[in-house]
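Reader: I am new to this structure. Please pick out one part for a close look, then show me what else lies in the interior.

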Amino acid sequence: MMRTSSCTKPIAITSCDTASTDTACTDTLSSTGSTCTPPDIFLTNSTNKLNRSTGSLRTPTDIRQTQRVNSQSPLGDCETSLSAVQDSANLKQSTQYIGRFAPSPSGSLHNGSLVAAMASYLDARAHRGRWLLRIEDIDTPRVILGADTLIMQQLQQLGMHWDEEPIWQSQCLSRYEQAFNELQARGLIYGCSCTRKEIADSAIALGLHEQGQYPYTGTCRQGTNKPVRAWRLRMPEGILSFEDRWLGLQQQDTQAEVGDIIIKRADGLFAYQLVVVLDDAFQGITDIVRGQDLMDSTERQICIANYFDFKIPRYMHVPLVCDEQGRKLSKQNHAHPIDTKHALSSLTGAWQALGFAPFVATSVESFWTQATALWAQRFKIKA
């Protein structure tokens, strides 16, 4: 069954005037470099008082170099074995709330991104938990040089501070390879030679398509004698359900409605569905708060987590922000970047998009203090 995502009215925004953009200002931000990259930014880390108190500057490159040599911190070591990830995830998830925000560096954050970031940040703060940042740069052809720096600067200017060193997916490829090999050894992965047209034609022939969605019907499940284009993971049969903290009970028969999913693409890149599950386990994520556009990914991600015996996090999928044409704000639709020069106005717009009444805040800090209390009240979160 097709799910529909709820949209909130557009957030009032101003035009880009700082060169921190998505595709709206591609003349200043491109895959070959940025002519408007801001200065190095402060990366706050509550476990590192020196950074917070002295304002020492650390760039994304600095962090990645530190992670490569920091063998004492499990969060700084993307070479961690899969079994160690499982042990680490179980330990972390038994102690405290850990949330995350995981943007893709294909441009700067826009107002739709801000709504998802705000919801995840407020939920973590209301639970007195930790809020982590992950740069999801696994889809390397879409990565724009300097976008990760821009994203982190935007978050900082809006008063959103992460609690551990960020991680970059591009630094964790060996872990994804380990997981892929394990699934393959268990007979859960097979090569697929089908084109998109062949998948669509097969679904149409079986009457399984709905609103332009074509589930994979298992053409190559028993093998193929054609060149393999991608690798698929077998999805279990039967209905899988979970309780969404925003929308209530959700159910999907993933095998029937989606089919076996791609976890390694034709270009050799690991697919989002696999790596996000591994990353969440690695970081010990207990609660995932994100936009409703990712709702349909949830059951397949739960299936993957079950294959590795990972603990399943709690989920909350918040409404999307749409433009005047009813389209979700996105980089593909040339959504304007967040106006960080008027941080309170931007924060208030995102707050209202989440369905809350506006309130008076005299500073970014007072906004977060009041918003956190109201969020805790709405969702009955005990301090």
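Author: Two strands count as paired if DSSP finds at least two bridges between them. Keep in mind that this is a predicted model.

Start with strand S7, residues 189-192. Its partner is strand S8, residues 230-233. The two run antiparallel and share four bridges. Within that pairing, Cys-192 sits opposite Ala-230 of S8. Now look at the two faces of S7. Ile-189 and Gly-191 lie on one side, Tyr-190 and Cys-192 on the other. These four residues are all buried, so both faces of the strand are covered.

Next comes a helix. H10 spans residues 295-307, and 11 of its 13 residues are buried, so the rest of the structure largely encloses it. Its buried residues include nonpolar ones such as Met-295, Ile-302, Ile-304 and Ala-305. Glu-299, Arg-300 and Gln-301 are buried there as well.

Just past H10, the backbone does something less common. Most residues other than glycine have a negative phi. Asp-309 takes a positive one, about 60°. This residue belongs to the loop between H10 and S13. Its relative accessibility is 64%, which is over 50%, so Asp-309 counts as exposed. Lys-380 also has a positive phi, near 55°. Look for Lys-380 in the segment after H12. At 72% relative accessibility, Lys-380 is exposed too.

Now go inside. The largest nonpolar core has 43 residues. Met-118, Leu-155, Met-160, Trp-368 and Trp-375 touch the most other members. Several elements each give at least two residues to this core: helices H4 (111-126), H5 (147-157), H11 (343-353) and H12 (364-378), with strands S5 (130-135) and S13 (314-318). H4 makes the largest contribution, nine residues.

Take Trp-375 as a guide. Beyond its neighbours within four places in sequence, Trp-375 contacts Ala-119, Leu-122, Asp-123 and Ala-126, among others. The list also includes Trp-246, Met-316 and Trp-351. Leu-354, Phe-356 and Ile-381 belong to it as well.

A second core lies apart from this one and holds 35 residues. Among them are Phe-242, Val-275, Met-295 and Ala-305. Two of those names bring us back to H10, where Met-295 and Ala-305 are among the buried residues.

Note on methods:
Residues numbered from 1 in each chain as written. Predicted model: local features only at pLDDT ≥ 70, side-chain atom pairs only at ≥ 80, totals over all residues. Heavy atoms only, no water. Buried < 20%, exposed > 50% of the residue type's maximum accessible area, 1.4 Å probe, protein only. Core = buried A, V, L, I, M, F, W, Y, C linked by side-chain atoms within 4.5 Å. Contact = heavy atoms within 4.5 Å.
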